[in-house]
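Welcome, and please have your viewer ready with the cartoon and side chains within reach. We will go from one selection to the next and see what is there.

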Amino acid sequence: MKAVKYLMIGVMMVWGGAGPVWCADPPNGEAPRMVEGSDAPPPERLPAEPPPEVIFQGMEAKRISLEERAEEIRLEERKLKELKVELEAKREELDTLRKQIETSLTRLEAKEKTVNEAQRLEEEKKIKQLVKLYSSMKPKQAAAIVNNMDIVIAERLFLNLKGDVAGKILAYVDQEKAARITERLAETLEDLPEVP
């Protein structure tokens, strides 16, 4: 088939006066030769097809390479699945820890609230006792004690005393301390909700 192709090219060149014509497939594997009366360069030789054994070897090498790559992919997939299982286990472990922490925090907050409530009730009880005690004292004696009392406790005491009793005691309290107590009482009373 190649020979016919080259022959046709040569004939066309001769008839067309295009220059020298080369014989496409010389006998006995010789190099192409120029036919008389033509000055064209020899045609390029097409590469010969490799024998089937070479093609098969190339295909076999490609198949082996593909199998090796497929095995690498299978190994990677197996590793990824193992990592996924590990991550899932870690996530479940972290979820369990988070739930335990939340439960502990809830218990702690409840306990703290209970303790705070107990402390508040205890303080209220003590303040009520102080109110009862100071209400039964003479104003001058009560004022002498209030002069040495912590300002926060004094404020709470005066908040719970009846107005006339508080006024009588406050009249005998040191002027500077009485002013501070009065300021604190005013601030506290501003923060309290209005009673209709």
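Helices here are DSSP runs of H or I with at least four residues, numbered from the N terminus. With that in hand, bear in mind that you are looking at a predicted model.

**The whole chain**

Start with the cartoon. The chain has six helices and two strands, and reading along the sequence gives the pattern α-β-β-α-α-α-α-α. Of its 196 residues, 16% are buried.

**Helix 2: charged pairs**

Select Glu88 and Arg91. Both belong to helix 2 and sit three residues apart, about one turn of the helix. An α-helix has 3.6 residues a turn, so residues three or four places apart point the same way. Glu88 and Arg91 form a salt bridge, with 2.5 Å between the closest N and O atoms. Glu88 is partly exposed at a relative accessible area of 35%, and Arg91 is partly exposed at 41%.

Now move to Glu60 and Arg63, which also lie in helix 2, three residues apart. Their salt bridge brings the closest N and O atoms to 2.3 Å. Add Glu67 to the selection, and you have a network of salt bridges linking Glu60, Arg63 and Glu67.

Still in helix 2, pick Glu72. Its side chain makes a polar contact of 3.1 Å with the side chain of Arg69.

**The nonpolar core**

Next, select Tyr134, Val146, Leu157, Phe158, Leu161, Ile169 and Ile181. Within the largest nonpolar core, which has 19 residues, these touch the most other members. Helix 2 (52-136), helix 3, helix 4 (151-160), helix 5 (163-172) and helix 6 (175-191) each contribute at least two residues to this core. Which helix gives the largest share? Helix 4 does, with four residues.

Centre the view on Phe158. Leaving out residues up to four places away in sequence, Phe158 touches Val146, Ala166, Ile169, Leu170, Ile181 and Leu185.

**Two helices with a buried face**

Show helix 3 (residues 139-147) and colour its buried residues, Ala142, Ala143 and Val146. Looking down the axis of helix 3, you will find these buried residues within an arc of 100°, so they line one face of the helix.

Do likewise for helix 5, where Val165, Ala166 and Ile169 are buried. They span an arc of only 95° around the axis, which puts them on the same side of helix 5. What covers these buried residues includes helix 2, helix 3 and helix 4. Turn to the face of helix 5 that points away from its buried side, and you will meet the exposed residues Gly163, Lys168 and Ala171.

**Helix 6: a bridge and a buried lysine**

Select Arg184 and Glu155, whose side chains meet in a salt bridge of 2.9 Å, N to O. This pair links distant parts of the chain, with Arg184 in helix 6 and Glu155 in helix 4, 29 residues apart. Arg184 is partly exposed at 31% relative accessibility, whereas Glu155 is buried at 7%.

For the last stop, select Lys177, also in helix 6. Where is the nearest side chain of opposite charge? It belongs to Asp150, 7.0 Å away, and Lys177 is buried yet has no salt bridge. The side chain of Lys177 does reach the backbone oxygen of Val146, at 3.4 Å. Beyond its neighbours within four places in sequence, Lys177 is in contact with Val146, Asn147, Asn148, Met149, Asp150 and Ile151.

Technical notes:
Residues are numbered from 1 along each chain as its sequence is written. This is a predicted model: local features need pLDDT of at least 70, side-chain atom pairs count only at pLDDT 80 or more; totals for chains, interfaces and linings use all residues. Side-chain values use heavy atoms; hydrogens and water are left out. Buried means under 20% relative accessible area, exposed over 50%, partly exposed in between (1.4 Å probe, protein chains only). The arc is that of the directions from the helix axis to the C-beta atoms. A nonpolar core is a set of buried Ala, Val, Leu, Ile, Met, Phe, Trp, Tyr and Cys residues joined through side-chain atoms within 4.5 Å. Contact means heavy atoms within 4.5 Å. Lys and Arg count as positive and Asp and Glu as negative; His and the chain ends are not counted. A salt bridge is a side-chain nitrogen of Lys or Arg within 4 Å of a carboxyl oxygen of Asp or Glu. A polar contact is a pair of N or O atoms within 3.5 Å; within protein, one must be able to donate a hydrogen and the other to accept it, and residues adjacent in sequence count only if both atoms are side-chain atoms.
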